[in-house]
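Colleague: Got a minute to walk me through this one? I'd like to start with the strands.

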Amino acid sequence: MTRAVRSAGAVLAALVVLAVLWETYKALGPANGASIGTTRLLPRTDDRAMPHLWTVVTTLGSPEVSGVAGSRSVGAAVLSGALTSLRLALLGLLLGGLVGAVLALLMQRLRLLEAGLLPWVVLSQTVPIIALAPLVAGWGGVLRLGSWAWSPEASVVVISAFLSFSPVAVGLLRGLHAASATEQELFASCAASWRQELVHLRLPASVPFVVPSLRLAAAGAVVGAIVAEISTGTRGGIGRLIIEYAQQATSSPARVYAAVLGAAALGLVAAGLVAVLDAAVLRRGRLA
């Protein structure tokens, strides 16, 4: 509990510092920013480019479509989009985590496979997602399994999983190799099978490595979901909402920042879920 309170306090303190820096720069910074030639070094501070934080908060309660009875508020739209993106990101994290775990187990079992596959697992994260997303959406458009057809949301989940499988694979593989030579010799002297060694030695030893990897994977899953929504035009998520509000930036620039804050909150929620999992695992280990 103390650890959770400290983490929450650190996050809150960081948000307060960012808010103070934002308003300080807006008050003291040049209205047109600062540039050297065609390179802009400091952003503009006018209300269109950099609205006050309280303006962004206020716009959450304004109707999304002015003059239309029953129109939902901007805050409700951001919440709905964030929840949709969170659902797709969690599905991507689950899929990517399973793929990463299977690859880690195979590479730990077969050293030749580790030598040949691990560099490609790491290299896969250098592929630009903004270019990969339309390709995945195009490939998925021709796939069909019985009555189930590939949907745009499926493309988002796959791209999200693509960004999350590598941290899990690398972290779990490192954890599986973390057991000391003495412990491995002890299990070998007891004629333990590979499964027994995996369950009772290697997997428990890998927990300190897997949790940080899951944090990276969760962040990657959220980024992948948002970028995929933007690249493929998938509606309903926070990524698409950012694009829609960006088109209205001339008349209502605060809406864009409201959607971006929703995306940032989405990342914090994903990291918080991993922290809850970490706390549950630690508590179970103490009870055991």
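Modeller: Sure. Bear in mind that this is a predicted model. Strand β1 (residues 34–36) is joined to strand β2 (residues 39–42) by three bridges, and the two run antiparallel.

Colleague: And which residue in β2 is the bridge partner of Ile36?

Modeller: That's Thr39.

Colleague: What do β1 and β2 form, and how many residues sit between them?

Modeller: They form a hairpin, with two residues between the strands. Gly37 is in the turn and has a positive phi of about 70°.

Colleague: OK, switching to Arg202. Where is it found?

Modeller: In helix α8, which covers residues 194–232.

Colleague: Buried or exposed?

Modeller: Arg202 is buried: its relative accessible area is 6%, and the cut-off for buried is under 20%.

Colleague: So which side chains does the Arg202 side chain make polar contacts with?

Modeller: One is Gln184, at 3.2 Å. Another is Glu197, at 2.8 Å.

Colleague: What else does Arg202 touch, leaving out residues up to four places away in sequence?

Modeller: Besides Gln184 and Glu197, Arg202 touches Gln108, Gly175, Leu176 and His177.

Colleague: Now the surface. Which residues form the nonpolar patch?

Modeller: Val11, Leu15, Val17, Leu18, Leu21 and Leu268, with about 540 Å² of accessible area together.

Colleague: Which helix gives the largest share of the patch?

Modeller: Helix α1, residues 2–28, which supplies five residues. Leu21 lies in α1.

Colleague: Why does Leu21 count as exposed?

Modeller: Because its relative accessible area is 53%, and exposed means over 50%.

How values were computed. Residues are numbered from 1 along each chain as its sequence is written. This is a predicted model: local features need pLDDT of at least 70, side-chain atom pairs count only at pLDDT 80 or more; totals for chains, interfaces and linings use all residues. Side-chain values use heavy atoms; hydrogens and water are left out. Patches are made of residues with over 30% relative accessible area and no salt bridge: like charges are joined within 9 Å, nonpolar side chains (Val, Leu, Ile, Met, Phe, Trp, Tyr) within 5 Å. Accessible areas come from the Shrake-Rupley method with a 1.4 Å probe; for residues, only the protein chains shown count as cover. A salt bridge is a side-chain nitrogen of Lys or Arg within 4 Å of a carboxyl oxygen of Asp or Glu. Helices (H or I, at least four residues) and strands (E, at least two) are DSSP runs, numbered from the N terminus. Buried means under 20% relative accessible area, exposed over 50%, partly exposed in between (1.4 Å probe, protein chains only). A polar contact is a pair of N or O atoms within 3.5 Å; within protein, one must be able to donate a hydrogen and the other to accept it, and residues adjacent in sequence count only if both atoms are side-chain atoms. Contact means heavy atoms within 4.5 Å. Two strands pair if DSSP finds at least two bridges between them.
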